[in-house]
Amino acid sequence: MWHTLGLWHTHPIIIMSNEQLIYQLRNELRGIKPVLPENFPATDNFRHDWDLDSLELVEFVARIEQQYNILIPDEDLPTLISLHAAAAYVQNKLIH
Amino acid sequence: MGVATPLGMSVSGLWSRLLEGQSAARAWEDLAAEGYRSNYACRIEGIEHAPFRRGRQLALLAAESAVKQSGLPVPKNTGIFFGSTLGESAAFEFAATGQSIDLQDHAVRSIARGIAHQYGVENAPTAIATACAAGNYAVGMACRALKKGRIALAIAGGAEPFSRLAMVGFSRSRAMSNQYCRPFDVNRSGMLLGEGAAIFMLERAEDALARGATPLAEVLSLGLTCDAYHPVAPRPDGSGIRRAIETALKTAGVLPEQIDWVNTHGSGTKLSDIAEAKALKQVFGENVPTCSGSKGALGHALGAASAIELALCVQGIQAQTLPPTPCHEQADPECNIPCLSSPRSATIQYVLNCAFAFGGLNSALLIRSWNV
């Protein structure tokens with residue numbers, strides 16, 4: 001019965017809205033760079049709009065890896081250009 | 001001089017393996033088990049030491065060889081100039097677990113004091129925590145003290161025990177290669193961590209000659225600058241590095257075209273190698289001398305790196321041989337640094353030993369063969 005209903009999972013899936021995820025990621029990034037405004041837009045580009053440097057960004061990525069228990073390979077780093085992009089990436093990793 | 005490195009515990013052993021292009025880099029089961037992103041490193045096996053005293057043991061092993069080779073007694077007023085990063089990093093790692101340990105007793109100065117104690121030196125030793133450039137700093141400071149006549153003999157160098165703190169830091173900041181360090185190579189992907197020590201006996205030339213000794217090499221000058229740019233990234237235009245090299249040349253009254261060989265910092269990271277390459281081109285124009293880098297062979301030994309590499313410079317002068325750059329296979333056209341794939345005999349007089357540390361600390365030590 002459980003198989004038929006599709007309720008059998010081999011590992012837990014974290015269910016979180018995109019808003020919640022962006023909220024968490026924004027807090028994480030503000031922990032690294034406190035000068036960032038409390039509600040800076042999720043579509044703002046980390047480098048161009050807020051001048052985050054490579055060290056701040058790799059720290060952000062390291063914290064994402066730890067927080068959500070995912071591994072982010074080097075080749076995916078350039079895609080994480082904003083909170084919005086980072087959230088989409090994390091959601092995708094969590095589902096798969 | 002004396003060394004303790006992953007490719008040998010003697011200068012001759014290290015040199016012959018370097019000339020063969022060997023690399024000490026390999027995978028380590030304990031690092032894999034501890035979950036590091038990369039488990040490749042260059043480490044020394046079979047070193048016994050007291051708990052949290054690996055750095056001191058490496059320094060003492062190198063010092064023992066240096067003192068023995070010099071044939072000199074070590075007077076009580078010898079100057080000791082010693083460089084490292086943290087000192088006994090294992091102690092800091094232990095403290096990070098919440099356990100109690102006296103970190104002051106395990107910092108860089110503790111290793112310098114260990115050398116002083118071993119040889120009955122009563123002068124307060126000088127400890128220099130400038131990490132990747134510390135060896136150059138130590139030798140430069142020793143030379144200054146000798147020139148001023150404050151001391152007649154100096155023991156100078158650097159040591160660094162393998163540091164998990166550094167593994168985490170470099171790994172986390174994505175500066176570390178998954179497998180090999182490839183200086184100035186188009187396929188380079190970062191640094192590898194190493195460990196080791198190198199120690200030198202230094203004295204004024206006239207004193208060495210007066211007792212009938214033949215110096216291994218002569219230290220001419222040390223150029224130091226600070227980028228004042230970023231905690232870890234070098235100035236992209238290489239200007240800080242350029243000024244350090246130019247300072248060394250100008251202080252010694254040596255022209256760029258007189259340089260026969262540059263031992264590069266060559267850490268194998270994308271940014272650092274490019275900045276160094278730009279600086280070398282700015283100093284030497286189209287005629288960059290033959291360059292070498294040993295971090296593909298030995299990893300980055302942090303506080304010991306520039307000291308170990310200085311030992312290689314001195315040995316190269318002795319052997320009149322330019323060494324290859326292990327793990328450099330395909331030159332990056334953006335760097336275009338002339339590295340060798342095999343050893344080459346050459347007339348070597350003037351050699352630059354370049355080393356750059358976090359915090360934008362740039363050092364260029366200029367040495368010369370003695371029989372000039």
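How many residues does the contact take from chain A, and how many from chain B? In this predicted model, chain A gives five residues and chain B gives six residues. Sorted by class, the chain A side that touches chain B holds three nonpolar residues, one polar and one charged. From here on, let's stay in chain B.

Start with the sheet that runs in the order β1-β7-β6-β4-β5 in chain B, an open arrangement of five strands with mixed pairing. Its edges are β1 and β5 (126–128), and each has a single partner strand, so one side of each goes without a neighbour in the sheet. Going from one strand to the next, the twist averages 10°.

Strand β7, residues 196–202 of chain B, is a good place to look inside this sheet. Is β7(B) covered or not? Mostly covered: seven of its seven residues are buried. Follow the side chains along the strand and you'll see G196(B), A198(B), F200(B) and L202(B) pointing one way, while A197(B), I199(B) and M201(B) point the other way, and all are buried.

Now for the strands that pair with β7(B). Strands pair through backbone hydrogen bonds, in either the parallel or the antiparallel sense. Strand β1 (residues 2–4) of chain B runs antiparallel to β7(B), and three bridges join the two. To find the register, put V3(B) opposite A198(B), and match G2(B) with its bridge partner I199(B). Strand β6 (residues 154–160) of chain B is also antiparallel to β7(B), this time with seven bridges. Here E160(B) has G196(B) as its bridge partner.

Elsewhere in this sheet, F82(B) sits in strand β4 (residues 79–83) of chain B. Why does F82(B) count as buried? Because it has 36 C-beta neighbours inside 10 Å, and 20 would be enough. Leaving out residues up to four places away in sequence, F82(B) touches a set of residues that includes A59(B), I111(B), I115(B), P125(B), A138(B) and G157(B). There's a sequence-distant pairing to spot as well: F82(B) and I155(B) are 73 residues apart in sequence, and their C-alpha atoms are 8.0 Å apart in space.

Two of those F82(B) contacts, A59(B) and I111(B), lead us to a pair of helices. Helix α3 (residues 54–70) of chain B packs with helix α5 (residues 108–119) of chain B at about 40°, and their axes are 9 Å apart. The two helices are therefore oblique to each other, and the crossing is right-handed. From α3(B), the contact draws on G55(B), R56(B), A59(B), L60(B) and A63(B), and from α5(B) on S110(B), I111(B), G114(B), I115(B) and Q118(B). Five of the contact residues are nonpolar, four are polar and one is charged.

Another helix pair gives a second angle to look at. Helix α1 (residues 11–19) of chain B meets helix α12 (residues 305–319) of chain B at about 80°, with the axes 11 Å apart. That puts α1(B) roughly perpendicular to α12(B). V11(B), W15(B) and L18(B) do the job on the α1(B) side, facing A311(B), L312(B) and Q315(B) in α12(B). By class, this contact has five nonpolar residues, one polar and no charged.

Next comes another sheet. An open sheet of five strands, again with mixed pairing, has the order β8-β14-β13-β9-β10 in chain B. At its edges stand β8 (218–226) and β10 (290–292), each with a single partner strand, so one side of each is left free of a neighbour in the sheet. On average, neighbouring strands here are turned by 20° against each other, ignoring direction. Strand β9 (residues 259–263) of chain B pairs with β10(B) in the parallel sense over three bridges, and V262(B) stands opposite C291(B). Helix α6 (residues 134–147) of chain B packs on this sheet, touching β8, β13 (350–357) and β14 (361–368), and its direction makes about 55° with that of β14(B). Helix α12(B) packs on the sheet too, touching β9, β13 and β14, with its direction at about 170° to that of β13(B).

Finally, look at the loop between β8 and α9 (239–252) of chain B, where you'll find A228(B). Is A228(B) buried or exposed? Exposed, because it has 9 other C-beta atoms within 10 Å. The C-alpha atoms of A228(B) and G360(B) are separated by 6.3 Å, although the residues are 132 apart along the chain.

Definitions and conventions:
Residues are numbered from 1 along each chain as its sequence is written. Chains are lettered from A and ligands numbered from 1 in the order in which they are written. This is a predicted model: local features need pLDDT of at least 70, side-chain atom pairs count only at pLDDT 80 or more; totals for chains, interfaces and linings use all residues. Two residues are in contact if their C-beta atoms, placed from the backbone, lie within 7 Å. Ala, Val, Leu, Ile, Met, Phe, Trp, Tyr, Cys and Pro count as nonpolar, Asp, Glu, Lys and Arg as charged, and the others, Gly among them, as polar. Axes are lines fitted to C-alpha atoms, for helices over the stretch in contact, and angles run from 0 to 180 degrees between N-to-C directions. Helices (H or I, at least four residues) and strands (E, at least two) are DSSP runs, numbered from the N terminus. Angles under 35 degrees count as roughly parallel, over 145 as roughly antiparallel, 65 to 115 as roughly perpendicular and the rest as oblique. A residue is buried if 20 or more other C-beta atoms lie within 10 Å of its own, exposed if 12 or fewer, and partly exposed in between; C-beta atoms are placed from the backbone. Two strands pair if DSSP finds at least two bridges between them. A crossing is left-handed if the near helix is turned anticlockwise from the far one by less than a right angle, and right-handed if clockwise.
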